[in-house]
Amino acid sequence: AKDGKGWGPVVAGVQLVDSAGNPTEALRSSIENAGCDSIREFTRENYTSRGVCCFSERPDDTLLWSHYGGGHRGICLEFDTSSPLLATKLHRVRYTDEIPEINVVDELIGENSRVLDTLLTKANCWSYEREWRAIHKKANTAYGYGVEALTGVYLGANLSDEEKDVIAHLLHGSPSQLYRV
C-alpha cells in the first residue's frame, strides 16, 4: 500500500523497502544497529563467562617478571603443552595493531565466528610476551592441568629463602625441574 513516501512497509515513519522491493538504507542501518547490540551482548557474555589462563614461551624474561611476577617475588610454572588437558585448549595470541572485524550477520547466524579472534588478539607492543591462552568454558573456576604436565618451576629473584625451601620440598621426588631466575 502507498504510504505517502513510496511503496513498502513503514515502521515509525521510516520506509524499510523501496518501490522495487529493495531494502532501504534505514532498514540496513536498523538491522546493523540491532546486530551490533546483539554482538556486544554476546561478546560481553563470552568475556565474562569464560575463563582465560595466559601462558608465555619466555619463563626468564625480566619484563614479564616485573609485570606479572609480583616484583620478582612469584613463581613461574612450566608445562608440557602436549598434555591432553592443555593441548586442546591452547591458542597462540596474534599481535597486530588492527582490531579484528566482526561481521554482524555471520555472528547472528553462527557462521565464521570471530569472537575468539577478539580474545586472542593484542597490540603489537605486547609481542615480546609470546603469549598463548587457554580458553575455558566457565569463569571463576579453578582448572588444573595435571601434575604430570608440570615440567618446571622458576623461582623469582626476590622470593624469600623460606618460600624457596617450601617449594623445593613440595617438588622433591617429582620429575619437575626447579630453576632460579
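Helices, of at least four residues, and strands, of at least two, are taken here as DSSP runs and are numbered from the N terminus. The model described is a predicted one, and the account begins with a residue that lies outside these elements. H72 is found in the loop that runs between helix α2 (62–68) and strand β4. The backbone of H72 has a positive phi of about 70°, although the residue is not a glycine. With a relative accessible area of 18%, H72 is buried, because a residue counts as buried when this value is under 20%. Leaving aside residues up to four places away in sequence, H72 touches T62, W65 and S66, and it also touches G156, A157, N158 and L159.

A second residue with a positive phi is R130, which is likewise not a glycine and whose phi is near 45°. R130 is located in the loop between β7 (121–122) and β8, and at 41% relative accessibility it counts as partly exposed. A further loop residue, T24, sits between β2 (14–15) and helix α1 (25–49). T24 is buried, its relative accessible area being 16%, and its contacts, not counting residues up to four places away in sequence, are with Q15, L16, V17 and D18.

Strand β4, which follows the loop of H72, belongs to an open sheet of three strands arranged in the order β4-β9-β10, with mixed pairing. The edge strands of this sheet are β4 (75–79) and β10 (177–180), each of which pairs on one side only. From one strand to the next, the twist averages 20°. In general, the strands of a sheet pair through backbone hydrogen bonds, in either a parallel or an antiparallel sense. Here, β9 (residues 150–155) and β10 pair in the parallel sense over four bridges, and L155 has R180 of β10 as its bridge partner. Helix α6 (residues 161–171) packs on the sheet and touches β4, β9 and β10, while its direction makes about 165° with that of β9.

Strand β4 also contributes to the largest pocket, which has a volume of about 730 Å³. This pocket is lined by 22 residues, of which C54, F55, S56, C76 and L77 are the closest to its centre. At least two residues of the lining are supplied by each of β3 (51–56), α2, β4 and β8 (131–136), and the largest share, five residues, comes from β4.

The cysteines were then examined for disulfides, a disulfide being a covalent bond between the sulfur atoms of two cysteines. How many disulfides does the structure hold? The structure holds zero. For C53, the closest cysteine sulfur is that of C54, and the distance of 6.6 Å is too far for a bond, because a disulfide requires the two sulfur atoms to be within 2.5 Å. C54 is correspondingly in no disulfide, the nearest cysteine sulfur being that of C53 at 6.6 Å. As for accessibility, C53 counts as partly exposed at 25%, and C54 counts as partly exposed at 47%.

Terms used:
Residues numbered from 1 in each chain as written. Predicted model: local features only at pLDDT ≥ 70, side-chain atom pairs only at ≥ 80, totals over all residues. Heavy atoms only, no water. Pairing = 2+ DSSP bridges. Axes fitted to C-alpha atoms, helices over the stretch in contact; angles between N-to-C directions. Contact = heavy atoms within 4.5 Å. Buried < 20%, exposed > 50% of the residue type's maximum accessible area, 1.4 Å probe, protein only. 1 Å grid on protein atoms, 1.4 Å probe; cavity = no way out; pocket = protein on both sides within 12 Å on 5 of 7 lines; lining within 4 Å. Points joined across faces, edges and corners; volume = space filled by probe spheres on them.
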